[in-house]
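Trainee: I should like a close look at a single part of this structure, namely the disulfide and its surroundings. Please set out the details in one connected account.

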Amino acid sequence: QVQLVESGGGLVQAGGSLRLSCAASGRTWNNNAVGWFRQAPGKDREFVVGISWRGVSTTYADSVKGRFTISRDNAKKMIYLQMNSLKPDDTAVYYCAASKFSAVSGAQASAYDYWGQGTQVTVSS
């Protein structure tokens, strides 16, 4: 089993920045692709960005390209999401997710096997 814990959410003004962190643990953690999803009230959970185990392959949703950056430190079992130029539409609960595989094709939530409990990001106008 893998456990994921997000942190770093909060309240920020439009145009500001936040850095989310995801700490992974568990005896089965190894060679996992990871991603970030978000869910706003009354809306479906949507894909934000994914990254392969070695970090050489990344995929971003069009809505965040050029503003968000995913990175990871496998030695520390940490995954990060740097969010710049935040917009009110970015307001959502952000979830860290991990796959059993080292790479994931597509952006479907069903491709991920483990999920954190989420961290709230609120962007004021």
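Mentor: In this predicted model, C22 and C96 are joined by a disulfide, with their sulfur atoms 2.1 Å apart. The structure holds one such link. The angle about the S-S bond is -80°, and the link of C22 and C96 is left-handed. It connects distant parts of the chain: C22 belongs to strand β3 (residues 18-25) and C96 to strand β9 (residues 92-98), with their positions 74 residues apart in sequence. Both cysteines are hidden from the surface. C22 has a relative accessible area of 0% and is buried; C96, also at 0% relative accessibility, counts as buried.

The residues around the disulfide can be described through I79. Leaving aside neighbours within four places in sequence, I79 is in contact with both C22 and C96. Other contacts of I79 include L20, S21 and A24, together with W29, V34 and W36. I70, S71 and R72 are also among the residues that I79 touches.

I79 is in turn a member of the largest nonpolar core, which has 33 residues. Within this core, L4, W29, W36, I79, L81, M83 and Y94 touch the most other members. Two or more residues come from each of β3, β4, β5 (46-51), β7, β8, β9 and β11 (119-124). Strand β9 gives the most, with five residues. In soluble globular proteins, nonpolar side chains tend to be buried together.

On the β3 side, K77 offers a further view of the region around C22. K77 lies in the loop between β7 and β8. With neighbours up to four places away in sequence set aside, K77 is in contact with C22, A23, A24 and W29. K77 and A23 are 54 residues apart in sequence, yet their C-alpha atoms are 6.1 Å apart in space. Whereas C22 is buried at 0%, K77 is partly exposed, with a relative accessible area of 34%.

Strand β3 also pairs with β1, in the antiparallel sense and over five bridges. S7 of β1 stands opposite S21 in β3. The side chains of β1 (residues 3-7) alternate: L4 and E6 point to one face and are buried, while Q3, V5 and S7 point to the other and are not. In a regular strand the side chains alternate between the two faces of the sheet. L4, on the buried face of β1, is one of the core residues that touch the most other members.

After β3 comes the loop to β4, which contains N32. N32 is buried, with a relative accessible area of 2%. A polar atom of the N32 side chain lies 2.7 Å from the backbone nitrogen of N30. Beyond residues up to four places away in sequence, N32 touches W53, R72, A98, S99, K100, F101 and Y114. R72 is thus a contact of N32 and also a contact of I79.

The loop that precedes β9 brings in a charged group. The structure holds four salt bridges. One of them joins R38 and D90, whose closest N and O atoms are 2.9 Å apart. This pair, too, links distant parts of the chain: R38 is in strand β4 (residues 34-39) and D90 in the loop between β8 (78-83) and β9, 52 residues apart. D90 also meets R67 in a salt bridge, at 2.8 Å from N to O. R67 is in the loop between β6 (58-60) and β7 (68-73), and is 23 residues from D90 in sequence. Side chains of opposite charge can pair when their charged atoms come close.

Together, R38, E46, R67 and D90 are linked in a network of salt bridges. Three members of this network can be placed by accessibility: D90 counts as buried at 2%, R38 counts as buried at 6%, and R67 is buried at 10%. A separate example is the salt bridge of K65 with D62, in which the closest N and O atoms are 3.0 Å apart. D62 is exposed, with a relative accessible area of 64%, whereas D90 is buried.

Note on methods
Residues are numbered from 1 along each chain as its sequence is written. This is a predicted model: local features need pLDDT of at least 70, side-chain atom pairs count only at pLDDT 80 or more; totals for chains, interfaces and linings use all residues. Side-chain values use heavy atoms; hydrogens and water are left out. A disulfide is a pair of cysteine sulfur atoms within 2.5 Å. Helices (H or I, at least four residues) and strands (E, at least two) are DSSP runs, numbered from the N terminus. Buried means under 20% relative accessible area, exposed over 50%, partly exposed in between (1.4 Å probe, protein chains only). A salt bridge is a side-chain nitrogen of Lys or Arg within 4 Å of a carboxyl oxygen of Asp or Glu. A nonpolar core is a set of buried Ala, Val, Leu, Ile, Met, Phe, Trp, Tyr and Cys residues joined through side-chain atoms within 4.5 Å. Contact means heavy atoms within 4.5 Å. A polar contact is a pair of N or O atoms within 3.5 Å; within protein, one must be able to donate a hydrogen and the other to accept it, and residues adjacent in sequence count only if both atoms are side-chain atoms. Two strands pair if DSSP finds at least two bridges between them.
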